[in-house]
Amino acid sequence: MKRRHLFLSMVLTLTLSACAQTKFTALEQQQISIQDPTLFEQYEAFTVDFGAMRDKDYSFPLPVGKAKMGTDNNVEIETTKGDAVKAMFGGVVRLSKSISSFGNVIVVRHDNGLETVYGNNAENLVKSGDHVKAGQTIAIVGGSNGRYYCDFAIMVNGSRINPETIISLESHRLRKQTLLYEKTSSWKVKISVLRGPRLEESNTAASQWWCYPLAGAKVISGYGRRGGRSHSGVDLKTKPNDEIRAAFDGEVVFSAKYAGYGNLIRILHGNGLETYYSHNSKNLVKVGDKVKAGDVIALTGRTGRATTEHLHFETRINGKAYDPSRYFDHQKHTIREKAFHKTRNGYVVKR
Ligand SMILES: [Zn+2]
C-alpha cells in the first residue's frame with residue numbers, strides 16, 4: 001500500500017513550472033532570491049546528495065504533523081495548536097513577514113541550494129537575515145476553529161518543486177538519493193535522480209516476504225525474565241520518529257493506544273505469526289489495512305510505559321509471546337529462515 005511512492009523518484013524526471021511569482025510580489029521575490037553565485041548564476045545545474053546528510057542536517061517541519069499534498073506543489077501539514085514549526089535544513093532567513101496570500105510566512109534559503117517556505121504561521125520567531133539550524137523552531141503554527149496547519153513548500157530558483165521528490169510525506173523522511181537540478185529557463189527546473197533511493201530499494205526488492213522491523217536498530221532489552229520482570233518482546237532502538245516497518249505481509253488488527261504499550265499496532269500474518277509494534281509516536285495504518293512486508297506502519301516514540309524512544313517488538317502465535325530472536329537475527333537484521341517452512345503459499349512458522 002505504501003510502495004506506489006517509492007518508485008516515483010527512481011524513474012521520474014519532472015519538468016516543473018513556476019508558480020511562486022503568483023504568490024510573492026516582485027519585491028518579495030527579489031528579497032528571497034538574493035543572488036547566490038554557487039547556484040544557477042555560474043552553473044546551469046547543481047546536485048544535492050540527500051543520502052549523505054546526517055540526522056541533524058534535516059528535520060520535517062512539524063515532526064508529529066499529518067502531511068498532505070495541496071494543489072500547488074504545497075503541503076499542508078496539520079497538527080495541534082501551539083506546535084512549533086522547524087527549519088528543514090540549515091540556512092539563512094530570506095523573508096519573514098505577513099503577506100495576504102500566506103499570512104505570516106517565512107522563507108529560508110538553505111546552503112544546499114533549496115529554499116523552503118513556511119506559511120500560515122500564528123507567529124514568526126525569526127527575522128530576515130537570521131541564520132537557522134535544521135530543526136530549529138522558527139514559528140508557531142497557525143489556524144483557527146480547531147484546524148492548525150503549516151502551508152509548506154520547497155523552491156528551487158524561485159519555482160516550487162514537488163516536495164515528494166525529496167521527502168516521503170508518509171514517513172516524514174528524506175529520500176536517500178542524489179538529485180540533479182538543472183535550469184531549463186528562467187523559472188523552470190528539471191529534476192532527475194542521479195543515485196538512489198537506496199533505503200526504499202533495500203526494503204522492497206531485496207526483502208520480499210520479510211522485513212526487519214527497524215533498520216539499523218540495536219537491542220537495548222532482550223526478551224524474557226530479567227530482574228523479576230517478564231519482558232514479552234524485544235526493545236529495539238535507533239532514533240525518535242524512525243520508520244517502523246511491517247515484518248511480513250498481513251492485516252492490521254489493532255491500531256490504537258493500549259495501556260503501557262502506548263500507541264500499539266498488531267498485525268496478523270499469513271505465516272502464523274502475529275507481530276506487535278509498540279510505544280510508537282504515531283501509528284500510520286488503521287485496523288483492516290492490508291500491509292506488505294517492508295511497508296512503513298508507524299514512527300518510533302516513547303508513548304506508554306517507556307523511558308526512551310524505541311520499538312517494543314513482539315512475535316506471538318495464538319496470543320502467546322515467543323522470543324523474537326527465534327525469527328530474527330538482531331545483529332545481522334535478517335530473518336532466521338530455519339524457523340520457517342516454505343510451502344506452496346509462502347512461508348509458515350515452524351512449531
Ligand atoms: Zn519492551
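This report describes the nonpolar cores, the zinc site and selected salt bridges of a predicted model.

The largest nonpolar core holds 37 residues, of which Phe50, Tyr118, Ile138, Ile166 and Tyr181 touch the most other members. At least two residues of this core come from each of the strands β2 (45–49), β4 (75–79), β7 (103–110), β10 (137–144), β11 (147–156) and β13 (178–185), and β11 gives the most, with 5 residues. Apart from this core lies another, of 30 residues, which includes Ile267, Leu273, Tyr327 and Ile335.

The zinc ion is coordinated by His231 through NE2, by Asp235 through OD and by His312 through ND1, at 1.9 to 2.1 Å, and along the chain these donors follow the spacing H-x3-D-x76-H. His231 counts as buried at 4% relative accessibility, and Asp235 also counts as buried, at 9%.

The structure holds 16 salt bridges, among them the three tabulated here.

| Pair | Closest N to O distance |
|---|---|
| Asp55 and Lys239 | 2.9 Å |
| Arg147 and Glu76 | 2.5 Å |
| Arg173 and Glu243 | 3.6 Å |

Asp55 lies in the loop between β2 and β3 (66–69) and Lys239 in the loop between β18 (234–237) and β19 (243–245), so this pair ties together parts that are 184 residues apart in sequence. Asp55 is partly exposed, with a relative accessible area of 48%, and Lys239 counts as partly exposed at 23%. In the third pair, by contrast, Arg173 is buried, with a relative accessible area of 18%, and Glu243 counts as buried at 7%. Arg147 and Glu76 also belong, together with Lys68 and Glu78, to a network of salt bridges.

Note on methods
Residues are numbered from 1 along each chain as its sequence is written. This is a predicted model: local features need pLDDT of at least 70, side-chain atom pairs count only at pLDDT 80 or more; totals for chains, interfaces and linings use all residues. Side-chain values use heavy atoms; hydrogens and water are left out. A nonpolar core is a set of buried Ala, Val, Leu, Ile, Met, Phe, Trp, Tyr and Cys residues joined through side-chain atoms within 4.5 Å. Buried means under 20% relative accessible area, exposed over 50%, partly exposed in between (1.4 Å probe, protein chains only). Helices (H or I, at least four residues) and strands (E, at least two) are DSSP runs, numbered from the N terminus. Donors are N, O and S atoms within 2.8 Å of the metal (3.2 Å for Na, K and Ca); water is not among the atoms, so sites may look incomplete. A salt bridge is a side-chain nitrogen of Lys or Arg within 4 Å of a carboxyl oxygen of Asp or Glu.
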